[in-house]
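User: I have a model open and would like to know how its descriptions are justified. Could you take me through the reasoning?

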Amino acid sequence: MARYLLRRLLFAIPTLLGISMVIFAILALAPGDPLAQFAADPSVPPEVRERIRESLGLNDPWYIRYVKWLAALLRGDWGYSFASRVPVLDLIVQRLPQTLQVVGVAYLVAIFIAIPIGIVSAVRPYSLFDNLATTFAFIGFSLPTFFTGLLLILLFSVRLRWLPFIYDSTLKVVNWETLWLQVRQMLMPVTVLALFQTGSLTRFVRAAMLENLPADYARTARAKGLSEQAVVLGHVFRNSMIPVVTLLALGVPTVFTGAIVTEQIFRINGIGELLIKSIQNSDTPVVMAITFIFAVLVVLFNVIADVLYGILDPRIRYD
Amino acid sequence: MIRCYPALDAGPFDPVWRVVRARWMVVRQEVALNHRLLWSWLAALLALSMVLAACGSAPPAQAPTTAPATTAPATTAPAPTTAAAATAAPAPTEAPAARPGRGAGDTLRLLYWQAPTILNNHLAFGTKDIEASRLILEPLAAVDPEGNFVPLLAEEIPTVANGGVAQDFTSITWKLRKDIKWSDGSDFTAADVVFTYQYCADSKTACTSVAAFRGIKSVEALDEYTVKITWEAPNSYPYQVFTSQRGAIIQRAQFEQCVGDAASTAADCQAANLAPIGTGPYKVTEFKPGDVVVYEINERYRDPERPFFKRVELKGGGDAPSAARAVLQAGEVDWAWNLQVEAAVLQQLASQGGQGNLVTYNTANVERLLINFTNPDPALGEERGQLSQPHPFLTDLKVRQALALAIDRKAIAEQLYGPAGYPTCVLLWYPPFAQSVADIFTDCDQDVAAANRLLDEAGWQPGPDGIRVKDGKRLSMLFQTSVNTLRQKTQELIKANWAAIGVETELKSVDGSVFFGSDPGNPDNIGHFFADIQMYTTGATEPDPTAHLCGWISSAASQKENEWRGTNNMRWQNAGYDALCDQLRNELDPDRRVAIARQMDALIVSDVAMIPLVARPRVAGASKDLKGYNPSGWDAELWDIANWYK
C-alpha cells in the first residue's frame with residue numbers, strides 16, 4: 001500500500017509539470033493585454049502600455065517566463081497579481097471562504113437530497129415518485145445555472161423583494177440576526193447550484209442501486225428473512241455507495257475552484273469569479289495559480305479516491 | 001459572465017467533471033486500477049486548459065468600450081468655459097444648505113460592474129480603480145462637468161493673470177492649502193506633491209498615469225506649500241499634471257520606499273497600494289480586491305460639515321444589465337456606474353422599475369468609424385498596412401463621402417443608444433465647441449440618393465450582383481469592431497445602409513481585450529487595423545482636445561516599424577491637418593485654440609478620415625432619494641462624493 005502510494009505520488013510530479021507547462025504556454029500564446037482597458041484612452045498612449053507590459057515581464061518569450069515562474073514557485077513564491085499588485089496567494093486565501101461556503105454547502109445539500117431520492121426511486125422504479133424525481137433530475141441538470149439564477153432573481157429579488165441578489169462579502173456572522181442575513185443571501189446561489197448537482201447525482205445513486213437490487217446477495221438476505229428495509233439500507237445501499245463515494249471524492253476539487261457562472265450572477269467573490277476576471281484581464285499569475293492548485297487537487301483526490309475504493313471494497317488490493 | 005461556459009456550473013471545470021464521471025463509471029468496472037486512469041486525467045486537464053484559454057479570449061461584452069473618462073480642465077482658460085450645460089445636464093445639484101452635516105447619513109451603496117482591484121491611482125488598471133481611489137486620494141484640482149477647474153488641495157487655480165502660469169508657458173506654480181491633513185494626522189505639504197512626481201518618474205514603478213508627466217524638466221518645492229512644475233518646452237496646456245483623475249497625490253511617508261520595482265514587490269508597498277493614506281473625505285476600512293471596498297469618514301477631512309454618509313460600500317462585479325436592474329428595479333444600491341445597456345432594455349428598466357433615475361453626463365467620447373488608408377490585403381504579406389501600400393478604393397474621397405452619406409446615424413443613436421447617445425456629425429461635441437445636441441447633428445442626415453450619385457460620378461458601376469465595380473476592383477470591405485451587443489447591432493445597420501449603395505460589407509467582431517490589446521504580435525488589434533473599416537469609442541479625457549486631435553497626425557501612423565503602436569491607426573496622411581496640430585500646440589490664446597481645434601475637427605469630417613456616429617454621454621443610475629451628485633465626464637464620477645446626501 002505504501003509503495004503504491006509512493007509510486008502514485010512520484011508519478012504526479014511529471015504530470016503536474018506537464019500540466020503547468022501546457023497551461024502556461026496556452027496563456028502566453030493567447031492574445032490579450034492587461035491594459036486593454038486603457039486602449040482607447042489618449043491619456044494612456046500605446047508606448048506607456050508597452051512600457052508597463054515590459055515592466056511586468058510580459059515581453060519575454062513564454063518559455064523564459066515559464067522557467068522564471070517555476071523557479072519562483074519552487075521557492076514558494078506564487079508571484080503577484082498584475083491588477084492588484086499583491087501576492088496571488090493572498091487573493092486566493094481571501095476568496096476561499098466564500099467559495100467553500102456557497103459551493104461547499106450546495107455540494108452537501110445536493111448529496112443529502114440526492115441520496116434519499118435516488119434510493120426511493122430505485123426501490124420503486126417507474127412509480128409516480130420515480131417519474132417525478134426523474135423529471136426533476138432532468139430539469140435540474142438541463143437548465144443552465146445562468147438561467148435558473150436569473151429566474152430566481154427576477155422572482156425573489158425583483159418581484160417579491162424577499163432576497164438580496166448582491167452578495168455582501170463584508171457581512172460577519174456574530175449573532176442570530178446576521179446569521180439569518182447570511183442564510184438569506186446564500187439561499188439563491190445555493191439553490192441554483194444544488195439543483196444542478198442534485199439532478200445528476202440522483203441519477204447515479206438510482207443507477208447504482210438498481211444494479212445491486214437484483215444481486216444474489218440481496219436475494220440471499222431476503223431469503224434469510226430480513227426485512228425489506230434491512231435489505232435495502234443494510235446491504236444494497238452500502239454496496240451501491242462504493243462508486244458514489246469515489247465519485248463524490250473526485251468532485252471535491254471543484255468545490256475549491258468555485259462556480260464561475262453562479263458566482264458572477266450573484267456577485268459572490270469566490271475563486272471562480274477571480275479566475276474568470278483574471279483570464280479576461282490577462283492576469284497570468286492569478287490564472288496560473290488557480291489552475292495549478294486545481295491540477296494538484298485533482299491529482300491528489302484522484303489518489304484519495306483510489307485508496308478509498310480499496311477500503312470500501314476489500315476485494316481490491318494494491319500491491 | 002455567462003458567455004464563457006455554455007450551460008453548466010457545477011464548477012468552472014464541469015465539462016471535465018462530466019468526462020471524468022463518465023470515464024470513472026467505465027473504469028470502476030476494472031477492479032485493478034491502473035495508470036490509464038491518470039492519463040485520462042491528463043487528457044481531461046488538457047481539455048480544461050483549452051477551455052480556459054478559449055475563455056481568455058472570449059471576454060465580456062462590456063469590456064473597454066468606453067474610454068475612461070477624464071482628466072483635466074478647460075482649454076487653457078480655467079475660467080468658466082461658457083458652460084451652458086451642454087446636452088446632458090447632470091442631475092440635481094441642490095442647495096447644500098438643506099443638507100445635514102457630517103456623518104448624518106448611514107451607508108451609501110455604490111455598484112460597479114467592474115470591480116476595483118487596486119486603490120493606488122497611479123497603478124490603476126481601469127476606470128473602476130481610478131473611481132474607487134478617488135474617495136481617498138485627491139488631485140490638486142478637480143474638473144467639474146462644465147470643464148472648469150475646482151481647487152481641492154490648492155488655494156487657487158494658477159493662471160497667467162495671477163502669475164501662477166509663466167508667460168511663456170514653460171512652468172506652473174501651485175500654491176497649496178495649508179490646512180490639509182492626511183488621514184493619519186500628518187500635514188500635507190509640497191514634499192508629497194514632489195514625491196508623487198518622483199514616484200511615477202521612475203519607469204520601473206510602472207505608473208499607468210505616466211503620460212501626464214511627459215516633458216517635465218523638474219517638479220520642485222519652492223517652500224513648504226508651493227510647488228513649481230517646469231517643462232522642457234512651452235506647454236500650451238499646463239494643467240494636465242496633478243489634476244483630475246490621474247493626478248492624485250500620494251503620501252510621501254507611506255510610499256517613500258516604494259519607488260521602482262518595490263512598488264509591486266515589497267510587502268509594505270503592496271499593502272499601501274490597497275490602503276493608501278489620503279486627504280479625501282473617506283478612508284478604507286476594508287478592501288477585498290476584485291470585490292468590495294468599504295470606506296468610513298476620514299475625520300481629518302478639511303470640510304467639517306461633510307461628507308454626509310458615515311460609510312460607503314463600493315461593490316464590484318457582475319455585468320451592466322444586472323447593475324441597472326439592481327439600482328432601477330430592485331433598489332438594492334444607491335448608485336450604479338456606467339450602465340452600458342441597450343436602449344430598449346434600459347428604458348424599460350427605468351420606466352417600470354420605479355426605484356431609480358438615469359443620470360447622464362457629458363464626456364468627449366464619440367463612437368466612430370475609422371477608415372483604413374492603407375491596403376490590408378493579406379496577400380501583401382509584410383507590406384500589409386504599410387504606408388507604401390495605399391488602399392485600393394478608400395483613398396478615393398468620393399467613395400468615403402458616399403459611405404458617410406449612406407449611414408443613418410439618427411437610427412443608430414435612437415434605436416440602439418437611446419439616452420446614452422446623440423447622433424453627431426463631428427467629434428468635438430461638448431462646450432466650448434458645441435453648446436447643444438442640435439449643434440452637432442446638422443448636415444449629415446442619411447442621403448442614399450446623393451451617395452449613389454457620388455459613386456456613379458466616380459465611375460463605380462454596379463456589377464451583376466449589385467456590388468459596384470471599377471477597374472476590376474469591387475467595393476467590398478471588412479468591417480471590424482469589438483464584441484459588444486450594441487456594436488454588433490450597429491454593424492448590422494451600417495451593413496444594410498451600405499448594401500443600399502452597392503457596397504458589400506463583411507462583419508468581424510473581436511473580443512475586447514484582444515481588440516484593444518497592445519501586444520505587437522496580435523494582428524487583430526486596433527493598432528494593426530488589418531481591416532478596411534473599424535469602429536470604437538474614444539475621445540479626449542480632458543476638456544482640452546490637443547492630445548486627442550494630435551493623435552491623428554501623419555507622423556503618428558501606426559506601422560510595422562513602430563510595432564503598430566502609432567496613435568494614428570488609420571494611417572491618414574494630411575499635411576494640412578499636421579500643420580493645424582502644430583499651430584494648436586503652439587497657440588496660447590484660449591479663443592484661438594478653440595478655433596483651431598474646430599478647424600481640425602472640420603477637416604477630419606470633410607476629408608472623411610473618420611465618420612463620427614454617436615456622441616456618448618456616460619449613463620449612471622441613482623436611487624430616487626440620492627441627492628447632491630454632480631458627476632463629471634472630465635474627472636472621476638465620484639469626484640464630489642463629499643457633497644452627496646439623502
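**Cavities, a helix and a chain**

Analyst: Gladly! A search of the whole structure, which is a predicted model, turns up ten cavities of 30 Å³ or more.

User: What makes the second largest of these a cavity, and how much space lies in it?

Analyst: A cavity is a set of points where a 1.4 Å probe fits but cannot get out. The second largest cavity holds about 120 Å³ of space. Its lining has 14 residues, and the closest to its centre are N338(B), Q340(B), A420(B), R616(B) and P617(B).

User: How do the residues of that lining divide into nonpolar, polar and charged?

Analyst: Seven are nonpolar, five polar and two charged. Ala and Pro count as nonpolar and Arg as charged, so A420(B) and P617(B) fall in the nonpolar class and R616(B) in the charged one.

User: Turning to chain A, how do you know that the span of helix α9 agrees with its number of residues?

Analyst: Helix α9 of chain A covers residues 228-257, which makes 30 residues. At 1.5 Å a residue they should span 44 Å, and the end C-alpha atoms are 41 Å apart, so the two agree.

User: Where does α9(A) bend, and what comes just after the helix?

Analyst: The bend in α9(A) is about 40°, at F237(A). Just after α9(A), G258(A) has a positive phi of about 80°.

User: And in chain B, what makes a residue count as buried, and what percentage do?

Analyst: Buried means under 20% relative accessible area, and 64% of the 646 residues of chain B count as such. Chain B has 18 helices and 21 strands.

Technical notes:
Residues are numbered from 1 along each chain as its sequence is written. Chains are lettered from A and ligands numbered from 1 in the order in which they are written. This is a predicted model: local features need pLDDT of at least 70, side-chain atom pairs count only at pLDDT 80 or more; totals for chains, interfaces and linings use all residues. Side-chain values use heavy atoms; hydrogens and water are left out. Helices (H or I, at least four residues) and strands (E, at least two) are DSSP runs, numbered from the N terminus. The expected span of a helix is 1.5 Å times one less than its number of residues. The bend at a residue is the angle between axes fitted to the seven residues ending there and the seven starting there. On a 1 Å grid over the protein atoms alone, a cavity is a set of points where a 1.4 Å probe fits but cannot get out, and a pocket is an open set with protein on both sides within 12 Å along at least five of seven lines; lining residues have an atom within 4 Å of a point. Grid points are joined across faces, edges and corners, and a volume is the space filled by probe spheres set on the points. Buried means under 20% relative accessible area, exposed over 50%, partly exposed in between (1.4 Å probe, protein chains only).
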